[in-house]
Every structure is written in C-alpha cells, then in structure tokens.
Amino acid sequence: MPRAVAPDMRSRGYILLISHMRSHSSLLAHILGSHPEIDGYSELHRRYDSRMDLREMTRRIEEATGRLRRGRYALDKLLHNAGHIDAAILRRDDVEVVFLIRNPVDTIPSIVRTSRAVDPSLPVAAPEAAIDYYVARLERIGRYSEFMGERAAFVESERLIDDTDAVLARLTRYLGLATPLEPTYERFPLSGRPGHGDPSTNILAGRVLRDDERDRGTDEPVDIPAGPMSAAVAAYDALLLAMRATLPDDPQDRERRRGGGSA
C-alpha cells in the first residue's frame, strides 16, 4: 500500500506526464495540477538532462501559475521528442512518470484540425506529417516505458473520459496522495492558450466532459492516407499491448512498483 505519511512530511518530487498531442493530456494535467499536493498544469517545452533542469521546472511553474510552489510535486507534460528526458532523470526516486496514449483514429484527425485552426502553416496540419509525428512519438514513449518497467503509471486516454473515477483513484494511489484526485479542476492563467495545451473551449469547462458534451470545433473532413494510417494503428496496437502487459492501468502497490528499479 502507499506510504501513510503526512503531506507536510513528504519530500518534494516531480511528475513527468509523457504523452502526445491531442491525447487529453491538458485535461489530465489540469486535474493533477488542481490537487493541493501538485503544482503545474501546462507544457513547459523543456528537456530534462540533469538535476538543474528539474529545479528550473519549479521556477517555470511559478511563472505559469502566478504563485509560489505550494505542493509536494512539480508537474510538467512532455508531448514532443524535442523534450528529451535523460535516463538518469527517469531513474531518480523523486521522479514519477505517468504515460498517456490515445488511439490514432481519433488522434490524427484531431491533430490536423487543431493545427489548421491555430496555424495552417504548422507541419502537422498536413495528415502525413501528423502521422509521422504520432508514430515517432509512440516510438519514443515505448523506449521510455521499457526503461521504466513497472515503476510508472499508464493511462489509456479513452478510459480517462469513460471511466474517470477509476482512473483518478488509481493515479491517487500511485502518487500516494493524501486526498483523492477529482474530475473537476481549476482554470489557470494559460488554460486554453495555444502553445500551452488544449486551445479549445473544452479545457475551460473545469470538469471532465463526456464525448457528447465536447466542442469538436470544425467538422471539416480530414483525408487520411490509408497506408500511413495503417502504420499508425499498428504502432499504437503494439505499444498498447506492451504497456498493458508491463504497466496495467491499475497502479497498485507503490512500493512494489518502486522496488528493484531505482539506481
């Protein structure tokens, strides 16, 4: 079971939410960042090569939230391969990792539509480029997950929406939080702003929206080439199978997961 330690006695640590674009990562980051033990909610666009990068995370979060760090954890989400994470960072006992992935059939059109709405000149506004990004990102996530073994948490994006309470209960246990994560959350200074997460109005709702409640923006059809999409589906299916086997979406005993992996 998670260690029963009062929040003010726990050492400070870090959460890296490792995902890809249009995975509901903004939603999960807002839920996490609204918990009193966690600071941070947006994508900081940083690499993590050393301990100094972790310390810099706190300063960037204070800028993004407009308040001093208050919690036990500092949070950043990483959606791009440019945000490299060194193996030494992943080995640290004070770094927790949450993986979040979403199926390509929903993700790829969403990447294209959102990119076209924000800036049509973005490379991922083209379906082929969006697929290339997605496949490359899943490959990187897979390498990180292999390295982490059982010492991380895994969330399937669809379950975050369809089985919210169960997912949040499992993450609460994994992180050893004193109070439960809730399906409602704060709106922060950068919420809804392009470049810092979900630019749609959905993130401003302050709660988890069901699929039939979500504003999907334009219904403009996106012509996705069948060949590249089949490659994306294959990459997703392979990673999902591997992560379900290694990191089932049910983080149980924190000490069991942490044991045998830190160096």
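E63 is exposed, at a relative accessible area of 54%. This glutamate belongs to a predicted model. Its partner is R59: the two form a salt bridge, and their closest N and O atoms are 2.5 Å apart. R59 is partly exposed, at 38% relative accessibility. Both residues sit in helix α2, four residues apart, so about one helical turn separates them.

**Helix α2**

Helix α2 covers residues 51-65. Its 15 residues should span 21 Å at 1.5 Å a residue, and the end C-alpha atoms lie 22 Å apart, which agrees. The buried residues of α2 are D53, L54, M57, T58, I61, A64 and T65. Viewed down the helix axis, they fall within an arc of 160°, so they line one face of α2. M52 and E63 are exposed on the other side. The cover over the buried residues includes β1, β2, β3 (73-78), α3 (87-91) and β4. Just after the helix comes G66, with a positive phi of about 75°.

**Overall layout**

How many helices and strands does the protein have? There are nine helices and five strands. From the N terminus, the elements run β-α-β-α-β-α-β-α-α-β-α-α-α-α. Of the 263 residues, 51% are buried. The protein exposes about 11700 Å², and carbon and sulfur atoms supply 52% of that area. Contacts reach far along the chain. Among those between residues at least 6 apart in sequence, 79% join residues at least 24 apart.

**The sheet**

The five strands make an open sheet with parallel pairing, in the order β2-β3-β1-β4-β5. Which strands lie at the edges? They are β2 and β5, each of which pairs on one side only.

β1 and β4 pair in the parallel sense over five bridges. Here L17 stands opposite V98 of β4. Strand β4 (residues 95-101) also pairs with β5 in the parallel sense, over four bridges. In that pairing, L100 has V155 of β5 as its bridge partner.

In a regular strand, side chains alternate between the two faces of the sheet. Strand β5 (residues 153-156) can be read residue by residue. A153 and V155 point one way, F154 and E156 point the other way, and all are buried. V155 thus appears twice in the picture: as a buried residue of β5, and as the bridge partner of L100.

**Loops with positive phi**

Two histidines take positive phi values. H24 has phi near 70°, a positive value in a residue other than glycine. It lies in the loop between β1 (13-18) and α1 (25-33). Is H24 buried or exposed? H24 is buried, at a relative accessible area of 13%.

H45 has phi near 55°, again positive in a residue other than glycine. H45 lies in the loop between β2 (38-39) and α2 (51-65).

**Salt bridges**

The model holds 14 salt bridges. Three are set out below, with the closest N to O distance and the relative accessibility of each partner.

| Pair | N to O distance | Accessibility of the basic partner | Accessibility of the acidic partner |
|---|---|---|---|
| R59 and E63 | 2.5 Å | R59, 38% | E63, 54% |
| R47 and D49 | 3.0 Å | R47, 41% | D49, 34% |
| R207 and E213 | 3.1 Å | R207, 36% | E213, 37% |

The pair R47 and D49 has a partly exposed arginine, at 41%, and a partly exposed aspartate, at 34%. In the pair R207 and E213, the arginine is partly exposed at 36%, and the glutamate is partly exposed at 37%. Salt bridges with shared partners also join D39, R67, R70 and E186 into one network.

**Back to α2**

Which residues of α2 are exposed on the side away from its buried face? They are M52 and E63. E63 is also the salt-bridge partner of R59. The buried face of α2, by contrast, has β1, β2, β3, α3 and β4 among its cover.

Notes. Residues are numbered from 1 along each chain as its sequence is written. This is a predicted model: local features need pLDDT of at least 70, side-chain atom pairs count only at pLDDT 80 or more; totals for chains, interfaces and linings use all residues. Side-chain values use heavy atoms; hydrogens and water are left out. Buried means under 20% relative accessible area, exposed over 50%, partly exposed in between (1.4 Å probe, protein chains only). A salt bridge is a side-chain nitrogen of Lys or Arg within 4 Å of a carboxyl oxygen of Asp or Glu. Two strands pair if DSSP finds at least two bridges between them. The expected span of a helix is 1.5 Å times one less than its number of residues. The arc is that of the directions from the helix axis to the C-beta atoms. Contact means heavy atoms within 4.5 Å. Accessible areas come from the Shrake-Rupley method with a 1.4 Å probe; for residues, only the protein chains shown count as cover.
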